[in-house]
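Here is a quick tour of one protein chain, written for someone who would rather get to the residues than read a preamble. Have a look at the model first.

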Amino acid sequence: MTGFGHDVWWLIVAKAVAVFVYLLLTVLFAIVIERKVLGHMQMRPGPNRVGPRGWLQSLADGIKLALKEGIIPTDVDKAIYTLAPCITVVPAITAFAVIPFGPQVSVFGHHTTLQLADLPIAVLFILAMSSVGVYGIILAGWSSGSTYPLLGGIRSTAQVISYEVAMGLTFAAVFLYAGTMSTSGIVAAQDRMWFAFLLLPSFFVYVTAMVGETNRAPFDLPEAEGELVGGFHTEYSSLKFAMFFLGEYINMTTVSALAVTLFMGGWHAPWPFNMIDGANHGWWPVLWFTAKVWGFLFLYIWLRATLPRLRYDQFMALGWKILIPQALLWVMVAAAIRSLRNDGYPHWELTLVVASAVTAAGLLVFLHRRFSTVRGYPTTPTTPSAPTAPGTAAGAFPTPPLPAPGRQTVGRRVSKEEIHG
């Protein structure tokens with residue numbers, strides 16, 4: 001951290017603009033790539049009209065939303081209704097300021113680190129920013145003056161609270177081994193081995209929690225169109241509606257970059273590129289960092305195309321009954337093995353890798369059995385019983401009686417006496 005705070009003013013401004021442009025371009029490409037990949041996975045054409053092979057579709061959609069008329073309902077609280085999209089976007093962009101892109105480079109003769117800022121508690125700063133972002137969602141639901149947006153905002157609040165606990169416990173395991181909460185220090189501690197191998201259960205818990213944190217499928221319950229019309233942004237249109245999507249995709253990029261920083265070695269080159277001289281110097285680390293981030297963004301797209309939306313009770317049970325106990329248990333294991341390392345135990349790293357693999361495999365098997373087995377259905381086929389008249393059985397659904405077998409009901413002429421009773 002000694003290299004921070006000594007840049008000239010124009011270099012600080014340039015890095016801030018570069019971070020904003022990087023996030024904006026990532027969002028533009030992520031939207032159109034997601035639509036193309038979903039179309040390919042579902043065997044249908046994706047965007048293929050606007051621009052070369054449809055690559056300008058997201059840009060055209062952004063321009064269209066910016067130029068559309070903004071419709072404000074009558075019963076909204078206008079001040080909070082207008083401020084809510086900004087509260088969603090700004091914390092997501094601010095959190096990216098402490099993410100390291102690469103090592104120290106030379107820009108027009110000035111040596112600077114490819115990171116806008118660093119803090120002794122940088123990871124906690126990112127966690128705090130993600131917590132502030134949910135205020136935009138709950139305020140949007142409350143200020144809309146409608147029932148469905150309010151329910152979506154309340155769902156998002158409970159969702160973020162539940163999954164931030166598990167996410168914070170995964171951070172604790174990382175802090176134990178890195179010995180610091182600084183993002184640059186955590187990346188430097190992974191120059192030999194990534195924490196994804198040493199702390200595999202924490203890595204799995206974090207990946208699950210980051211999907212729930214960003215309200216993405218299969219955890220997109222705050223905007224479930226089958227239950228809440230559109231969720232918290234039902235009453236929004238035009239540019240305000242676009243800002244919610246901008247905040248969602250930027251938040252996806254931020255938590256993906258944090259996963260790369262905490263568990264995937266940050267900007268360090270992956271194997272076998274790390275054996276090349278100069279792979280971790282100069283501007284090459286920006287390429288490795290971007291490729292890793294896009295790997296997590298592809299995971300978001302893959303999950304959306306593959307998994308159905310969970311029920312709300314399943315979603316809460318996953319967070320409180322599985323992820324949080326597992327993350328807490330692994331923090332205790334990691335702390336014990338860290339103590340052994342401090343006492344001079346020679347094989348602590350191999351022991352931790354083996355224990356991580358076994359625990360992660362057990363967690364995956366448990367989740368597979370928990371969520372893939374259909375419960376409550378008979379295992380042997382049964383013969384259907386004869387239909388009963390409505391009201392004869394307790395709780396019977398009030399459906400009209402079925403016609404008797406063999407009776408012709410279609411095309412029969414109706415007499416005047418039957419019409420008039």
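## Lysine 36 and its company

Let's start with a single side chain: lysine 36 has a relative accessible area of 22%, so it counts as partly exposed, given that buried means under 20%. Keep in mind that this is a predicted model.

Lysine 36 sits in helix H1. Looking past its neighbours within four places in sequence, lysine 36 touches Pro47, Arg53, Gly54 and Trp55. Proline 47 is eleven residues away from lysine 36 along the chain, and the C-alpha atoms of the two are 6.3 Å apart.

## Helix H1, end to end

Helix H1 itself runs over residues 9-41, which makes 33 residues. Does the length add up, or what should we expect? At 1.5 Å a residue, H1 should span 48 Å, and its end C-alpha atoms are 47 Å apart, so the two figures agree. After the helix comes methionine 43, with a positive phi near 55°.

## Aspartate 118, a buried acid

Now for a charged residue tucked out of the solvent's way: aspartate 118 is buried, yet it has no salt bridge. The nearest side chain of opposite charge belongs to lysine 15, and that is 11 Å away. A salt bridge needs the charged atoms within 4 Å, so lysine 15 doesn't qualify.

What does the side chain of aspartate 118 make polar contacts with? One partner is the side chain of serine 182, at 2.6 Å. Another is the side chain of threonine 183, at 3.4 Å. As for its place in the chain, aspartate 118 lies in the loop between strand E2 (110-113) and helix H4 (122-143).

## Helix H8, mostly covered

Helix H8 covers residues 200-213, and its 14 residues reach 20 Å from first C-alpha to last, close to the expected 20 Å. How many of those residues are buried? Eleven of the 14 are, so by the under-20% cut-off H8 is mostly covered.

The buried set includes Phe203, Tyr206 and Met210, along with the valines Val205, Val207 and Val211. Glu213 is also among the buried residues of H8. Following the helix is asparagine 215, whose phi is positive, near 60°.

## The chain as a whole

Stepping back, the chain holds 14 helices and two strands. Of its 421 residues, 42% count as buried. Among contacts with a separation of 6 or more, 78% come from residues 24 or more positions apart. The accessible surface adds up to about 22800 Å², with 67% of that belonging to carbon and sulfur atoms.

How values were computed: Residues numbered from 1 in each chain as written. Predicted model: local features only at pLDDT ≥ 70, side-chain atom pairs only at ≥ 80, totals over all residues. Heavy atoms only, no water. Helix = DSSP H or I, 4+ residues; strand = E, 2+ residues; numbered from the N terminus. Expected span 1.5 Å × (residues − 1). Buried < 20%, exposed > 50% of the residue type's maximum accessible area, 1.4 Å probe, protein only. Lys, Arg positive; Asp, Glu negative; His and termini not counted. Polar contact = N/O pair within 3.5 Å; in protein donor to acceptor, adjacent residues only side chain to side chain. Contact = heavy atoms within 4.5 Å. Areas by Shrake-Rupley, 256 points an atom, 1.4 Å probe, with all protein chains shown as cover.
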